[in-house]
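The exercises below are meant to be worked with the coordinates open in a viewer. Each one sets a task and then walks through a solution.

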Amino acid sequence: MLTLVGGARGEIDFNALVRPILSDKCFQCHGPDSAHRAADLRLDVEDAAKADRGGLRAIDADAPGESEVLTRIFADDEGLVMPPPEAHKDLTEKEKQTLRSWIEAGAPYAPAWAYVPPKWTEPPPPGDAADATDWPANWIDRFVLDRLQREELSPSDQADPVTLARRLAFDLTGLPPSQEMVDKFAAHPTDAAYEQMVDQHLASPRFGERMAIYWLDLVRYADTVGYHGDQNQTVWPYRDYVIHAFNTSKPFDEFTIEQLAGDLVPDADQDERIASGYNRLLQTSHEGGVQLKEYRAIYQADRVRNVSQVWMAATMGCCQCHDHKFDPLSIKEFYQLGAFFADVDDEEHLVNPYGNLNRNPSPRNPELPVQSVYQRQRLAEIKQQIAELTAAGASPEELAALTTLRKRLAKPVSMPISASTTPREVRVLGRGDWQDESGEVVPPAAPESLGWRPLPGRATRLDLARWLVDPDRGAGLLTARVMANRFWGLMFGEGLASVMDDFGGQGQPPTHPALLDNLSVEFVRSGWDVKHMMKQIAMSRAYRQSSYASAELLERDPANQLLARQGRFRLPAEMIRDNALTASGLLINELGGPSVKPYQPVDYYEHLNFPRRKYQASTDADQWRRGVYVHWQRQYLHPMLKAFDAPTREECTARRPRSSTPLATLTLLNDPTFVEAARVMATEALAAASEDDARVDELFRRAVSRPADEVEHKAILSLVHEQRDHYTALPQEAERLLGVGLSEAAQGIATPELAAWTFACRAVLNLGETITRN
């Protein structure tokens, strides 16, 4: 018998072991896609797989040895063996034996886990082991510990206080903790002190910025239109809305409704209209001569792909040309889902493609003059300041700067938003061909497999949004599972179901299904409170474990599916940038506002046309703002972001890849942002201490929140001595190094000395520990 990930002892868990094999090796020809199904045989449906087919059964539960599936998968004849050699989907010996064991056990099927609404499972009772009663801090730990005990493993020790403080800060705010916070917790690493840190981070405005980085990846937010000339678009008030929503604990159900249908909400306010800008974040083309019907189909497909991946973790993009080959999703349902967005008014540039719309920024009517939420907040603060100063007798001259700032902030910006018009006719496009108008006209509907039921009258985007977050009559619990898995992924590096945008047949089942289901139910019970969920995970002992893995544990569980330790992974691109700016003291923590432009190679936009343009880096304090505010050019993503695997945001990204390349190291060494950060960091270290050993400790505290060890001291001091001699001999090189960046150069420090310590800081900012979340 088989013991499955997530299954009880002795059970054959169809979803965990068998379905992934069938989906990978069989469903392409014997699955949901009726147009391309071979031998009219379905193996994804139990009745069809076990049906009598003229005296033969693909799977014979009563006489397993007579099952045609077993005959075929163990056949030596290339004309009989399945999968056929030309499919290049050969079964491994282990997979064959798994299928044999399953069939011999009666071939029990189970509904696909992703389409079964989660239910609360009482957490496993503590076992008899010594750590069974002492280790769990909450119900999450009881699931983790139960699994570890069944695998005859123990959880790892708690991470050391410095590592834990840094991990928590990066996970909840995207920034390193202050040295004061680290020292305080290291001196008294109690549960109460830890919870205080958690609450402090969740209450920080930095939390919303950190969560926004992830959400903007999901909804493919960018500051440019993507296609053809990739012109600018003014959508940053939407980004500010997202940050504010996370900071103010806006319930996720409201967050969903406002984005998909904010313009349809009765008496919609300015923020709801801004939120509806989600529907305009897709890539658009403003090239003269674009075909209306072609781009109508392209835009519709883009919206279907995104909404299905973001809220359903479903790959409906696979249904654009035919029924899904692995999941119960049809081509008809693809176009039905697209029909929800047929009322979005966004075709002016397609109806009038020669209307001088191909300029930068490109107008994207309908647009609405808006003030972002942080614009309005700052404006209110300035008005209050002016009132107080006026009451105190300040002169007009003394108020001039504030008055000028107030006038600038009061000016609205024009951003594309959703506006509903008469819905366009939507047909099923055979093979995805936009020129084929013979297909069936379809009304709006969501996939039946996710629980959609027809409504009286024509369903709207508002109906779709409400259905997605309705736990009683809609897909709310399924949506909650999608997001709960992503929250876990943010806190561990991987979701409990590792493919975070595909819960279907080509994804992976959860390693701890009952735990994921409970997190989903808890999310709904909490009132869709994201901060509540992040705290629940952060407070668990599982989260607080060390990420160190012994050789034995690495060999036993290299992907950490059993959760016997924490994850260890490189920080996202924006956090690497923000960490360097924080270490130097340059970081500007200001909420919201237009996107900013860091230093970038002068001719990087050389081949960006329609119109031709030249990159203009920010020339004020905007240069040192957080990565979440960096201008996102889809075709020419900032080189630093690209080097560290940030997505172009042409499509939904639920998990960024993590590469390790020489280009990334060279970026840390030579990107002007990091060179400038190193110079300012060196200046601060030289001012903080007079002895070289103490200066090295200062560098390490700024970069990794701890003093340097003996080996590190020797290495850095050797580097400083070597570079001091180098720059003394070549003062022009020192001047060139110290001239990088807008920040003021230090006075009163010998040029070779500052250059040598700047070089050392470049090395420290390049340490694996500096850019790793441990």
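How many cavities of 30 Å³ or more does the structure hold? The count comes to 6 cavities of 30 Å³ or more, in a model that is predicted.

**Exercise 1. Describe the largest cavity by its volume, its lining and the elements that contribute to that lining.**

Step 1. Begin with the volume, which for the largest cavity is about 350 Å³.

Step 2. Turn to the wall: 23 residues line the largest cavity, and Tyr-214, Leu-490, Pro-572, Arg-656 and Arg-658 are the ones that lie nearest its centre.

Step 3. Assign the lining to secondary structure: helix H8 (161–173), H11, helix H21 (476–492) and strand S3 (569–570) each give two or more residues, and H11 gives the most, with 4 residues.

Step 4. Sort the lining by class, which yields 12 nonpolar, 3 polar and 8 charged residues for the largest cavity.

**Exercise 2. Repeat the analysis for the second largest cavity.**

Step 1. The volume of the second largest cavity is about 130 Å³, and among the 19 residues that line it, Ala-114, Met-312, Ala-313, Ala-314 and Leu-450 are the closest to its centre.

Step 2. Helix H15 (292–312), helix H20 (461–468) and H21 are the elements that give two or more residues to this lining, with H21 giving the most, 3 residues.

Step 3. The classes in the lining of the second largest cavity are 14 nonpolar, 3 polar and 2 charged residues.

**Exercise 3. Characterise the largest pocket in the same manner.**

Step 1. The largest pocket has a volume of about 910 Å³, and its lining consists of 36 residues, with Arg-408, Gly-592, Gly-593, Pro-594 and Arg-625 lying nearest its centre.

Step 2. Two or more lining residues come from each of H12, helix H18 (373–391) and helix H19 (396–410), and the largest share, 5 residues, is that of H18.

Step 3. By class, the lining of the largest pocket contains 12 nonpolar, 13 polar and 11 charged residues.

**Exercise 4. Classify the ring pairs that Tyr-238 forms with Tyr-221 and with Tyr-241.**

Step 1. Recall that a pair of aromatic rings is described by the distance of the centres and the angle of the planes.

Step 2. A search of the whole structure finds 31 aromatic pairs. In the pair of Tyr-221 and Tyr-238, the centres lie 6.3 Å apart with 20 degrees between the planes, and the pair is stacked.

Step 3. Place this pair in the chain: Tyr-221 belongs to the loop between helix H11 (205–218) and helix H12 (236–247), while Tyr-238 is in helix H12, 17 residues apart, so that the pair links distant parts of the chain.

Step 4. For Tyr-238 and Tyr-241, the centres are 6.3 Å apart and the planes stand at 35 degrees, so this pair is tilted. Both residues lie in helix H12, 3 residues apart, which is about one turn of the helix.

Step 5. Check the burial: Tyr-221 and Tyr-238 are both buried, and Tyr-241 is buried as well.

Step 6. Widen the view to the one aromatic cluster whose members include Tyr-221, Tyr-238, Tyr-241, Trp-215, Trp-311 and Trp-528.

**Exercise 5. Locate two arginines that lie over the face of an aromatic ring.**

Step 1. Arg-100 lies over the face of Phe-74, at 4.2 Å from the ring centre.

Step 2. Arg-525 lies over the face of Trp-120, where the distance from the ring centre is 4.8 Å.

**Exercise 6. Examine the backbone at Ala-39, His-88, Pro-361 and Pro-611.**

Step 1. Keep the usual case in mind: most residues other than glycine have a negative phi, and most peptide bonds are trans.

Step 2. Ala-39 has a positive phi, near 55 degrees, and is placed in the loop between helix H2 (27–30) and helix H3 (46–49). Because its relative accessibility is 56%, Ala-39 counts as exposed.

Step 3. His-88 likewise has a positive phi, of about 55 degrees, within the loop between helix H4 (68–73) and helix H5 (93–104). With a relative accessible area of 69%, His-88 is exposed.

Step 4. A cis peptide bond with omega of about -5 degrees joins Asn-360 and Pro-361, and Pro-361 is in the loop between helix H17 (348–351) and strand S1 (367–370).

Step 5. Another cis peptide bond, with omega of about -5 degrees, joins Phe-610 and Pro-611, and the place of Pro-611 is the loop between helix H26 (573–584) and helix H27 (639–643).

Methods: Residues are numbered from 1 along each chain as its sequence is written. This is a predicted model: local features need pLDDT of at least 70, side-chain atom pairs count only at pLDDT 80 or more; totals for chains, interfaces and linings use all residues. Side-chain values use heavy atoms; hydrogens and water are left out. Rings of Phe, Tyr and Trp (its six-membered ring) pair if their centres lie within 6.5 Å; planes under 30 degrees apart count as stacked, over 60 as edge-to-face and the rest as tilted. Buried means under 20% relative accessible area, exposed over 50%, partly exposed in between (1.4 Å probe, protein chains only). A charge sits over a ring if NZ of Lys or CZ of Arg is within 6 Å of the ring centre and within 35 degrees of the ring normal. On a 1 Å grid over the protein atoms alone, a cavity is a set of points where a 1.4 Å probe fits but cannot get out, and a pocket is an open set with protein on both sides within 12 Å along at least five of seven lines; lining residues have an atom within 4 Å of a point. Grid points are joined across faces, edges and corners, and a volume is the space filled by probe spheres set on the points. Ala, Val, Leu, Ile, Met, Phe, Trp, Tyr, Cys and Pro count as nonpolar, Asp, Glu, Lys and Arg as charged, and the others, Gly among them, as polar.
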